[in-house]
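Welcome! Here are a few short exercises to work through with the structure open in front of you. Try each task before reading its solution.

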Amino acid sequence: MTASGDHDGTTVSVGGRARRNNCLIGVGGITLALTMIGLTYGAAPFYSAFCRATGYEGTPQRVTANTDAEGHRILRVGFDANVAPGLDWSFEPESESVRLRTGKTVTVFFRARNLTDRPTEARATFNVTPEVSGEYFDKIACFCFTTQHLGPHESAEWPVVFFLDPALENDISMARVDSITLSYTLFAPPSEKPAPGRSADRAGPAG
Amino acid sequence: MASVTDFSHHDVEAHHAHELPTGWRRFLFSTNHKDIGTLYLVFAICAGLIGTVFSIVIRAELMEPGLHVFPVISAVMSGDGSIDAAKNMYNVFFSSHALIMIFFMVMPAMMGGFGNWMVPLLIGAPDMAFPRLNNLSFWLLAASFALLMCSLFAEGSPGMHGFGGGWVLYPPFSSVIGTPGPAADFVILSMHLAGASSIIGSINFIATILNMRAPGMTMFRMPLFAWSVLITAFLLLLALPVLAGALTMLLTDRNFHTTFFEPAGGGDPILFQHLFWFFGHPEVYILIIPGFGIVSQVVATFSKKPIFGYVGMVYAMLAIAFLGFAVWAHHMFTTGMSLNAQRYFVFATMVIAVPTGVKVFSWLATMWGGSISLRPPMLWAIGFVFVFTVGGVTGVVLANAAIDRYLHDTYYVVAHFHYVMSLGAVFSIFAGFYYWFPKMTGYLYDERLAKWHFWVSFVGINLTFFPQHFLGFQGMPRRVVDYTEAYAFWNMVSSIGAYISGAGTLIFLYLIYEAFKAKRHAPDNPWGPGATTLEWKVPSPAPFHTWESPPQIFGDEDVHAPAIAGHGSAA
């Protein structure tokens, strides 16, 4: 800093090089803060991609075909279907659970029915628990990949084609997991949701 | 021997030629680091008193099983004395207690208060780098506090007043599903303003410390409090924007139909937890690192020895700050991470015990063989080392993912973070307060009263929080308004402790009143030969302008030790 600061009565201000350096640090600090905010927003798509890539938070993997390598463990896969408040549909799995060998591809069906008098659309969110099994839960086809449309009182049977990756046999996180639950919740598209603040409804199992 | 020139009394008189602002203008428009520091300290004391009242009311409710206190409070505050309203008001109180103590008591006291007051004095700068921004920082914080107070009276959950979702603000409770009313928006906007205030303040500290040190005051000759403020400022600058971003996402989720944390649109509430704790864990170091600096200087002063392992202390703080960004998910062990992720976070968290151990060791080694005088600041500093170590040890326990399965969200966690925050951070604030009070006000306080304040607080606060470890082991969950008979005994003990520490606060208030009433004038250096840093070379109270001609600092710049003001051997 300069040898002596001068001041306009009360505010001390420094001159010359010190002032320039202060401003550089100030601009650098603001840039750093804005960068961190940007990274925070970047975290949202990154997190989504990270979950899809690693199965984190019980995100099942999306694959095109089975590798046909059969394993030897047999696990139970249970199914759970929910409808979020604001969507008047019924939604349930055809069978409560299946038992399958790792590596074997199975197809299961979910039944959905539009209970209203107008055509509506919905999209399902999905995950598996325990969360660590997401990495090994491979879906080849699923109704949750796209938005589903049902006409007035129309019903549909939706298939899910999946298998369990035999690699789970080598993961000690999975050693004590005998049962995996695949859960879906159907949501109306956010744009069709009624204005917030009107109801204290909670998401719950559908009929 | 390094030393600096005496403060020139000629300079002091020269300033009287300027018209100094008086009355409310002096503070509302203040650009003076000392006045702004004073504003921050007064603000922190007021907010701290409100937060303390909240905590004592909470303890009064928890003294016995059943609902006793909050039906009345709820009836007074919202006109609804029903059981549900009482439970909601309890949630609102503990949430507000946390936000007030973190953002409006500890942070303003340490960074805004002591940081503003002492950093320019300690490094020989005439003022902060951006004096007007400094003023903005403070008044943004005041506005932020006003918004938080508004949230108490706004509608939150349907038919209820205030926001009761804890300081963590997790969705979906903080989204429109749990809290459709504007109370949560008030809290979010309050945190935005507090964040902006702290970001501006931290840029100011960084510019001041990097750029305005007196000639000869190299980085490794700065006192440890200046170092701790610099490190904390960087933590604030990196962590607070993450909170601001996450809260903005929450705000747009609530009001503008974005779906960052809404599963309906492909969002995930767990993402909020990750973002929150990426801010939240550095935040707890933001609360404690300035305390490290204060305690280091107090321990050195009253042991009459230079701080042991000065360079090690600096690197320990840097290491803690750095590691603080890499351990956030240890708050989320129960959200379903893979074993390998848990292993990493357990290990990384435990590594933090190493630099922390270096600091505790260095404080003890500074005292070892020193000529210790147990004056009030030293009592608080030694108390800090004790309670911080207790809190640190329980932190290592909680770092274990397996044990965390059992202790997560129990009173053990409450005991842990109150030992490091409510006792650790607060003890260091009181150490700093009693250390610098004569310099800031020019008056000596009654040391007998200050010692009473210490002992009453020490007994009360340990009685409050130590039994909460037992409650946690018994499995009592935190954030509950009522509990079974099984937990009654230790809750009773804990509440009695809270009343005792509340009495300690009354002693503190009386002590301030007594000091200003008695007007015992303080000498420039009331602490004797151990007080070697630059602030003791200016008169008490420190004049409006100091170090306009920078102090000349002698000695070898390559010697990494705090620059000292010499023992009367000024050049």
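**Exercise 1.** In which loop of chain A is the place of Pro130(A)?

Step 1. Pro130(A) sits in the loop between β8 (120–129) and β9 (137–142) of chain A. Helices (H or I, at least four residues) and strands (E, at least two) are DSSP runs, numbered from the N terminus.

Step 2. Now look at the bond before this proline: Thr129(A) and Pro130(A) are joined by a cis peptide bond, with omega about -5°.

Step 3. Chain B offers a cis bond too, running from Pro171(B) to Pro172(B) with omega near 10°. Pro172(B) is found in the loop between α6 (131–153) and α7 (183–211) of chain B.

A note before going on: this is a predicted model, where local features need pLDDT of at least 70, side-chain atom pairs count only at pLDDT 80 or more, and totals for chains, interfaces and linings use all residues. Residues are numbered from 1 along each chain as its sequence is written, chains are lettered from A and ligands numbered from 1 in the order in which they are written, and side-chain values use heavy atoms, leaving out hydrogens and water.

**Exercise 2.** Find which element of chain A has the lowest mean pLDDT and which the highest.

Step 1. Start with the whole chain: the mean pLDDT (the predictor's confidence in each residue, from 0 to 100) of chain A is 83, and 84% of its residues reach 70 or more.

Step 2. Strand β13 (residues 204–205) of chain A has the lowest mean, 40, and strand β4 (residues 74–83) of chain A the highest, 94.

Step 3. Over residues 194–207 of chain A, pLDDT stays under 50. Where pLDDT is low, the predicted coordinates should not be read in detail.

**Exercise 3.** Describe how helices α3 and α4 of chain B meet.

Step 1. The axes (lines fitted to C-alpha atoms, for helices over the stretch in contact) of α3 (residues 33–62) and α4 (residues 70–78) of chain B come within 10 Å and cross at roughly 135°. Angles run from 0 to 180 degrees between N-to-C directions.

Step 2. α3(B) is therefore oblique to α4(B); angles under 35 degrees count as roughly parallel, over 145 as roughly antiparallel, 65 to 115 as roughly perpendicular and the rest as oblique.

Step 3. In the contact (heavy atoms within 4.5 Å), α3(B) supplies Val57(B), Ile58(B) and Glu61(B), while α4(B) supplies Phe70(B), Pro71(B) and Ile73(B).
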